[in-house]
Amino acid sequence: MKKKNLLQRSIIIGIVTVVGFYIVIGPHGRRPHLSDLTPAGVKANLAQNIHLGLDLKGGSHLVMRVKVEEFFKTLTQANAIAAQDAAKGAGLDVKEARAETAGGNYRVVLQVADPAKSQEIRDAVEKKADLSDRVGWSFSSSGDTLSWTLTGAAQRTLAESATDQAMKIIETRINAVGVTEPTLARHGGQNSHEILLQMPGIQDPEHVKQLLGKQSHLELVHVVSAPAPQSAQTYASEAEATASLNSGGKIPANRRVLAYSERPELAGQDANANTNANAQAQKKWVVIESPAIIDGAELRSATASQSRAGADEYEIDFALKKGGADKFGAWTGANINEYMGVVLENEVRSIAYIKGQIFDQGQITGRFSKQSADDLALTLRSGALPAPIEYQEERTVGPSLGADSIRSGVRASVLGLTLVVLFMLIYYRGSGVNAVIALLLNMVLMMAGLIIFGATLTLPGIAGMILTIGMAVDSNVLIFERIREELRSGKTIPSAIEQGFARAFVTIIDTHVTTIVSSLFLYAFGAGPIRGFAVTLVLGLLVNLFSAVYVSRTIFMWLLSRKGRHVESLSI
Amino acid sequence: MFQLFKDVKIDWLGKRRFFIGISIVLMLAGMGTAFYRHKFHPNGTEAFNLGVDFKGGTVITARFKQAPSPETIRAAIHSAGLSDATIQPVLDKPGEFLIKVPHQGFEASETQENQAGVDAARSKVKKALDSFGPEAEATRSLEEDSKATYKIEGTDAVGQVASKQLRNQAIAVTIAALVGMLLFIAFRFEWTYGAAAVIAVFHTVLVTLGLFSIFQIEINLTVIAALLTLVGFDVNDSIVIFDRIRENRKLYRRMSLYDVTNLSINQTLSRTVITSGLVFLSVVALVILGGETLRPFSLALLMGIIFGTYDTIAVAGPIMVWWEKRIAAANKVPAANVRENNLKSGRGAARGDRARDGVGKPSQAA
């Protein structure tokens, strides 16, 4: 009975050990070969099997936030215009339409001329514009004021979908620049609207950052001006442009005042800081109609091309989708000689008058450099981000810095482990061997577990490993000290071992489960690095129950069975 | 058998005033320093030396082929408009510098958009460092690129929003972990045990943070990992002793809780010393060989191991005994009634036993 039990245990341990070792140092996805056993082969397989985190391998880690409040703001403004148009379309008089967007509340407010017609206006607006309870705008009215407020629930759903959409667009852009093996994921809690992007091997993320940060919101708009052949109406300052509207310094919902830079870009990479001063000098202001004739969503393609053969100036040619082309064609046909502007990121990039009906082709001129024209075309193709993004975290680790961290970490761990092993062998002698075997097995199986779950090894993960190894040593110390106590109290060796394991097991379970419970809390409440810590810890502790208790026990059983029933000495 | 401790009979609980005194002094010193720094900013220091993870800002690791003096680097960076930057040579790696730019340094010069987000400090630092010569190409190391004089090896930039989130999260996560432990220990033992263990852990965390304030060691994300690790070690220690107390209370029903606790601490003393000693040795190895990046982490672990071992004996034990005594005293009368009426429902009987033990006079440990 006992013999059979021992055999069974040995087989289980044997299988687990072999499988564990194979997972850690064996080749995955191909047949093993003798060369896998050479030091070089082991090293290569190890490097392939264990995924190192960016802090150890090198690369860039970016956390960005989608500014959903900007998204709500734009949406509210668009809805205010739509509401006004809807009311006017039904022949009802609206004194003023405005979008209130302060303090996290988004509200479309209509000031009506005749309060008696409130219900009529409400019906007209809800029929035409996207404003109703069904889509998350709750209605209220008092006197001559009608208002629709975006509910909290609707805010959450909209923000969620805006973040998802932004993530898709970012993915397209990342793939277009050719970053290898990027990781793109939602980051933080439900309401944080954050996106995590990890790019292994990228050491200078500036270019990628600029590319992703471009909202690339393209609009084709009607510029308020006398028609050609008079030149387009521009103003020297924002105030002057606003004054031209004769609306008491306020800009009505169906107009916008935008900056217009005639020569916005100089050739060269370093467009940001240096050219600001130059652009400032040439900055003018124009008044445009809102909403835009069409926007970037209608874009079918966008490519960068040279403005003139041989020149170092580029422009962007774009083509429109069917629906957009129809709208655009109708508008241009009806507005010959009117001025049209191309607006990019809320700045007018070029103004031209309509010579004849245009359907689906257009250009954005403006002396782009090759790089910026390429980037712009790429971002236009991927679609506009629903809202601007801002960077919250940027961590870049060069490969040599990561390698240094690994080297010093490994060196320290090896020294620490050697000290532990030496002590166990000296203090517990024969049984120390037992502990050392359990400890090494623990490390191998923990690695195997990390590989199976596809977890990445990071610095905090290594901290989790250190705690695990500490607790693995502790388990052995607990068991051995308990066996010694039982021996001192005069028990026979087999029963001392039995009692020692049984008693220590209760303690080991308690300590392990406590730590696992708190790790689950860490996993639930923590992000990135803290989760990595929790995962390695839980994994290591589960493995430890096997290696420190089951395996160690089996070795003792094996020792006893070799010595027979009447053992007189135990090396402990 | 080679044995560390044989039949020790130390009256640990008898020294509780001394131990708790030490703990209070340590906590007061740490918290006092933190408060003083927070209030008066001696030499521009703050309560805690928070790293970019929790304060926001940028840290750039740059390596030079021929190291210029920190003063010349500082001058170059100041002239690039980053006046608050600090330059710190990495001690164990010649030619390597950490350039730290706090948020306030460039906030004013950036646009509204960038203020809350991550900055352009990297490109400014790069521009400043380019005055020493070109940077190595992104795909090549410093040694491979013969024309290069330096290379930016790492950047850590955290915006103010993100750093605040990280800070809140670190606190929330630590508290959540403690609550989880409290619940589980209360479930497995008694809630007084859980409370005592958690108070002891809390004490270790406070003392460690206090030392970080006194010595102005930088607190970053890895320090949080270290604090979580030492929370684990500390509770582990407490549970080993509580477990023994639970076992001994069944064995020695006539012994007072006071004596049982002393006995249990003494019985597990070898284990406590061996385990903590081994972990201590490994952590010392990490402090010495672990390198600059891991230093705050390994120092936090080192302090945590020392105080975690100490407080299991000095704080968790006494608090638990004191608390149980108070409960026992409060329950004495009702418990006695229960026994007189011979209603030996399990819980009432257990309380009654404890009441009798709890008020027993301390005697020599068996």
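1. Start where two helices from separate chains touch. In this predicted model, α13(A) brings A:Gly470, A:Val473, A:Asp474, A:Val477, A:Leu478 and A:Glu481 to the contact, and α11(B) answers with B:Ser270, B:Arg271, B:Ile274, B:Thr275, B:Leu278 and B:Val279. Sorted by class, the residues of this contact are 6 nonpolar, 3 polar and 3 charged.

2. Now look at how the two helices are arranged. Helix α13 of chain A covers residues 459-488, and helix α11 of chain B covers residues 269-289. Their axes come within 9 Å and cross at roughly 155 degrees. Angles over 145 degrees count as roughly antiparallel, so α13(A) is roughly antiparallel to α11(B). The crossing of α13(A) with α11(B) is right-handed.

3. Next, step back to the whole interface. Here 59 residues of chain B are in contact with 59 residues of chain A. On the chain B side, the elements that each supply at least two residues are α5 (112-116), β5 (150-158), α7 (160-188), α9 (221-251) and α11. That side of chain B has 33 nonpolar, 20 polar and 6 charged residues.

4. Strands also join the two chains, so to speak, hand in hand: β18 of chain A (residues 389-397) pairs with β5(B) in the antiparallel sense, over 5 bridges. If you would like a place to find this pairing on screen, look for A:Glu393, which stands opposite B:Val158 in β5(B).

5. Finally, a word on chain A itself. Chain A is divided into domain 1 (2-58 + 398-563), domain 2 (69-154) and domain 3 (216-365). Between the C-alpha centres of domain 1 and domain 2 of chain A there are 64 Å.

Key:
Residues numbered from 1 in each chain as written. Chains lettered and ligands numbered in written order. Predicted model: local features only at pLDDT ≥ 70, side-chain atom pairs only at ≥ 80, totals over all residues. Axes fitted to C-alpha atoms, helices over the stretch in contact; angles between N-to-C directions. Helix = DSSP H or I, 4+ residues; strand = E, 2+ residues; numbered from the N terminus. Parallel < 35°, antiparallel > 145°, perpendicular 65-115°, else oblique. Left-handed = near helix turned anticlockwise from the far one by under 90°. Contact = placed C-beta atoms within 7 Å. Nonpolar A, V, L, I, M, F, W, Y, C, P; charged D, E, K, R; others polar. Domains from an automatic or database assignment. Pairing = 2+ DSSP bridges.
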